[in-house]
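Dear colleague,

Please find below the structure that I am handing over to you. My notes on it follow directly after.

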Amino acid sequence: LQGGSGDDDFTLVTRGQISGTIDGGTGAETNGDTLIITAASQTVNITDASNIEEYIASGADSTFEVSTGDNAWNITDNGDGTVAGVSFTNFANLQGGSGDDDFTLVTRGQISGTIDGGTGAETNGDTLTISADSQTVNITDASNIEEYIASGVDSTFEV
């Protein structure tokens with residue numbers, strides 16, 4: 001699918017509806033291009049699309065994946081955040097890739113599902129940081145994370 005020079009919204013019931021890629025196009029956009037997945041339990045990889053500024057999951061238990069490169073994930077609210085220059089909204093699960101992934105849970109930031117750092121030729125390993133005060137994270141909700149950091153006051157990791 002190819003978008004134009006304005007704002008484009010792509011809504012898919014399932015990711016499998018498109019066998020190729022989705023390109024939001026470039027130009028004089030006001031809000032940017034959006035990819036919306038409406039069915040439950042769908043996985044969207046940032047490599048499935050280009051020139052998309054926002055990814056939205058409206059179905060339950062969806063996964064947002066960035067499978068390449070080193071990435072800094074900022075989880076700012078329930079299933080919302082930014083990574084690799086794009087924003088994501090309402091994703092239950094986050095999936096890193098072969099590079100070093102740094103996940104930071106900022107104020108009220110949380111994920112209802114899991115955080116997976118991914119595997120591959122990492123240089124330093126994947127990290128999960130709690131930056132807000134008085135936050136508790138159960139590490140069984142995370143996998144392939146090599147380092148856990150609690151930088152907020154009274155923040156803890158539970159086993």
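I begin in the middle of a sheet: E54 has S87 as its bridge partner in β10. The strand that holds E54 is β6 (residues 54-57), which pairs with β10 in the parallel sense over three bridges. Strands, here and below, are DSSP runs (E, at least two residues), numbered from the N terminus, and two strands pair if DSSP finds at least two bridges between them.

Before going further, I should say that this is a predicted model, in which local features need pLDDT of at least 70 and side-chain atom pairs count only at pLDDT 80 or more, while totals for chains, interfaces and linings use all residues. Residues are numbered from 1 along each chain as its sequence is written, and side-chain values use heavy atoms, with hydrogens and water left out.

The first sheet

On its other side, β10 is joined by three bridges to strand β9 (residues 80-83), and these two run antiparallel. There T82 stands opposite S87 of β10. The hairpin of β9 and β10 has two residues between the strands, and A84 takes a positive phi near 50 degrees in it. Strand β10 (residues 86-89) has V86 and F88 on a covered face, with S87 and T89 on an uncovered one. In a regular strand the side chains alternate between the two faces of the sheet.

These strands belong to an open sheet of nine, in the order β1-β3-β6-β10-β9-β8-β12-β14-β17, with mixed pairing. Its edges are β1 (9-12) and β17; each has a single partner strand, so one side of each is left without a neighbour in the sheet. On average, and with direction ignored, neighbouring strands of this sheet are turned by 15 degrees against each other (axes are lines fitted to C-alpha atoms, and angles run from 0 to 180 degrees between N-to-C directions). At the β1 edge, four bridges pair β1 with strand β3 (residues 34-37) in the parallel sense. Within that pairing, L12 has I37 of β3 as its bridge partner.

The second sheet

Five strands form another open sheet, in the order β4-β7-β11-β13-β16, and here the pairing is parallel. Because β4 (43-45) and β16 (142-143) stand at the edges with a single partner strand each, one side of each is left without a neighbour in the sheet. Strand β13 (residues 115-116) pairs with β16 over two bridges, in the parallel sense, and I115 stands opposite A142 of β16.

Four buried residues

Which residues does F91 touch, once its neighbours within four places in sequence are left aside? They are V44, Y55, I56, A57, S62, T63, F64, G79 and I111, where contact means heavy atoms within 4.5 Å. F91 is found in the loop between β10 and β11 (93-95), and counts as buried at 1% relative accessibility (buried means under 20% relative accessible area, exposed over 50%, and partly exposed in between, with a 1.4 Å probe and protein chains only). Although F91 and T43 are 48 residues apart along the chain, their C-alpha atoms are separated by 9.4 Å.

N93 lies in strand β11 and is buried, with a relative accessible area of 9%. Not counting residues up to four places away in sequence, N93 touches D61, S62, T63, F64, I111, G113 and T114.

T129 is placed in strand β14 (residues 127-130) and is buried, at a relative accessible area of 12%. With neighbours within four places in sequence left aside, T129 is in contact with F103, T104, L105, I149 and S151.

G152 sits in the loop between β17 (147-150) and β18 (156-158); its relative accessible area is 11%, so G152 is buried. Beyond residues up to four places away in sequence, G152 touches I130, S131, A132 and D133. From C-alpha to C-alpha, G152 and I37 are 34 Å apart in space, and 115 residues apart in sequence.

The largest pocket

Of the 14 residues lining the largest pocket, L105, Q110, I111, V137 and D141 lie nearest its centre. Strand β15 (residues 136-138) gives the largest share of this lining, three residues. A pocket, on a 1 Å grid over the protein atoms alone, is an open set of points where a 1.4 Å probe fits, with protein on both sides within 12 Å along at least five of seven lines, and lining residues have an atom within 4 Å of a point.

Yours sincerely
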